[in-house]
Amino acid sequence: MSEPAGLNTLCVHAAHAPEAATGAVAAPIHLSTTFERDADGEYPRGYRYSREGTPNRTALEACLAQLEGGVGAAAFASGLAANMAVLELLAAGDRLIASQEGYYGSLRQFSVFAERRGARIEFVDLADAARVEAVLKGGTARPRLLWIETPTNPLLNVVDLPALVELGHRAGALVVCDNTFATPVCQRPFESGVDLIIHSGTKYLGGHSDVLAGVVAVREDAALLGRLQEWQRMAGAALAPFDCWLLRRSLATLALRVRAQCAGAAKVAAFLARHPAVERVFYPGLREHPGHTIALRQMRGGFGGMLSVCVAGGREAALRVAARTRLFTRATSLGGVESLIEHRASIEGPGTRAPENLLRLSVGIEEPEDLIADLTQALG
Ligand SMILES: *Cc1c(COP(=O)(O)O)cnc(C)c1O
């Protein structure tokens, strides 16, 4: 598109047009693993073998790059497969500096992978700029990656992206931001100078709890994009055609869904913050949230659809509330059109930072009043 387009317009039209051969308005799914060569042996249409690339993956990746505002994107078979492609940038002896709080699957992956690779991982509180600076400067090995998640899972902590980018770049590190919770609808990490954006596409990008996917988007470094694409091919980690099609189809409604989820979560958070059976609510949109001032600057499209609550009365009381909800389904994961509720500590197991009385809520697109009625009866 030559004119700059609004988000909903991009969601519908980015890298999508009626198919030339048939006029089909909905994109076809190309399952072919192999593509015909010309008589002279060339591949004039660009496709050769599906591990290297498929029409559905091309369309999806172009759309994702436009939505995040980067030079390109690579789609993977899961969020952790996307993480892995970035972790592959670490050489033996390199340092990875990561948030001490974040998606537990990522944190475990970092520890196991770094140990096997001979890289060093340091978990720090990314809200403590002085500490981050000291860790980046300290040590003899180069800090290769500064890995940020904001807002974090499950405490919804918000850290200052431009400030961390400045510190990371000064130390010579690539800065990575996991934008799964915020989505490009709420937060634009490339505008803060972040180098790489990660998504678990399984969550808001997919939005219907029916596709496992991961994304790495690259702000401007074409060589870096090439290195990630090499890993897609060499590891065979790329997203399959049907899943690419599902994800691209879901992106058409991304902004509609996420804006509705932000509005719903704000109402649910305000209700819970006043409820006597609730000790504490974690939602970046609440004025009392410690990251609210940064969130106002940084999450200009909305505060997201995720929130957590600490229920008065401890673990048993929290489990009782989760047992009584009817519209909120007890399940892990997030970002779908249906609301989910989860006792996070028991999913994460030993070593969890989630309080025992914490429930994490993923607010779907149901009417907020119905969700509030459900929580009212569940809280008793
Ligand atoms: C779910 C999640 C991941 C991992 O993604 P998968 O698609 O489950 O592999 C990474 N980061 C965050 C913030 C997540 O919520």
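Start by selecting Glu 348, which is buried, with a relative accessible area of 7%. Here, buried means under 20% relative accessible area, exposed means over 50%, and partly exposed lies in between (1.4 Å probe, protein chains only). Now add Arg 344, buried as well at 1% relative accessibility. The two side chains meet in a salt bridge, 2.7 Å from N to O. A salt bridge is a side-chain nitrogen of Lys or Arg within 4 Å of a carboxyl oxygen of Asp or Glu. Glu 348 and Arg 344 are four residues apart in helix H13 (residues 344-348), so about one helical turn separates them. Helices (H or I, at least four residues) are DSSP runs, numbered from the N terminus.

A word about what is on your screen: this is a predicted model, where local features need pLDDT of at least 70 and side-chain atom pairs count only at pLDDT 80 or more, while totals for chains, interfaces and linings use all residues. Residues are numbered from 1 along each chain as its sequence is written, and side-chain values use heavy atoms, leaving out hydrogens and water.

Next, select Glu 133, Lys 137, Glu 166 and Arg 170, which are joined into one network by salt bridges that share partners. Which residues does Glu 133 pair with? One is Lys 137, with the closest N and O atoms 3.3 Å apart; another is Arg 170, also at 3.3 Å. Arg 170 lies in helix H6 (residues 161-170) and Glu 133 in helix H5, so this pair ties together parts that are 37 residues apart in sequence. Glu 133 and Lys 137, in contrast, sit four residues apart in helix H5 (residues 129-137), about one helical turn. Try colouring by accessibility: Glu 133 is partly exposed at 24%, Lys 137 is exposed at 63%, and Arg 170 is exposed at 56%. By the salt-bridge rule, the count comes to 20.

Now show helix H10 (residues 254-273) and helix H14 (residues 368-379). Their axes (lines fitted to C-alpha atoms over the stretch in contact, with angles from 0 to 180 degrees between N-to-C directions) come within 9 Å and cross at roughly 30°. That makes H10 roughly parallel to H14, a label for angles under 35 degrees.

Finish at the surface with Ile 29, Leu 31 and Phe 242, which make a nonpolar patch of about 290 Å². Such a patch joins nonpolar side chains (Val, Leu, Ile, Met, Phe, Trp, Tyr) within 5 Å, from residues with over 30% relative accessible area and no salt bridge. Accessible areas come from the Shrake-Rupley method with a 1.4 Å probe. Phe 242 belongs to helix H9 (residues 241-251) and is partly exposed at 41%.

Definitions and conventions: Patches are made of residues with over 30% relative accessible area and no salt bridge: like charges are joined within 9 Å, nonpolar side chains (Val, Leu, Ile, Met, Phe, Trp, Tyr) within 5 Å. Helices (H or I, at least four residues) and strands (E, at least two) are DSSP runs, numbered from the N terminus. Angles under 35 degrees count as roughly parallel, over 145 as roughly antiparallel, 65 to 115 as roughly perpendicular and the rest as oblique.
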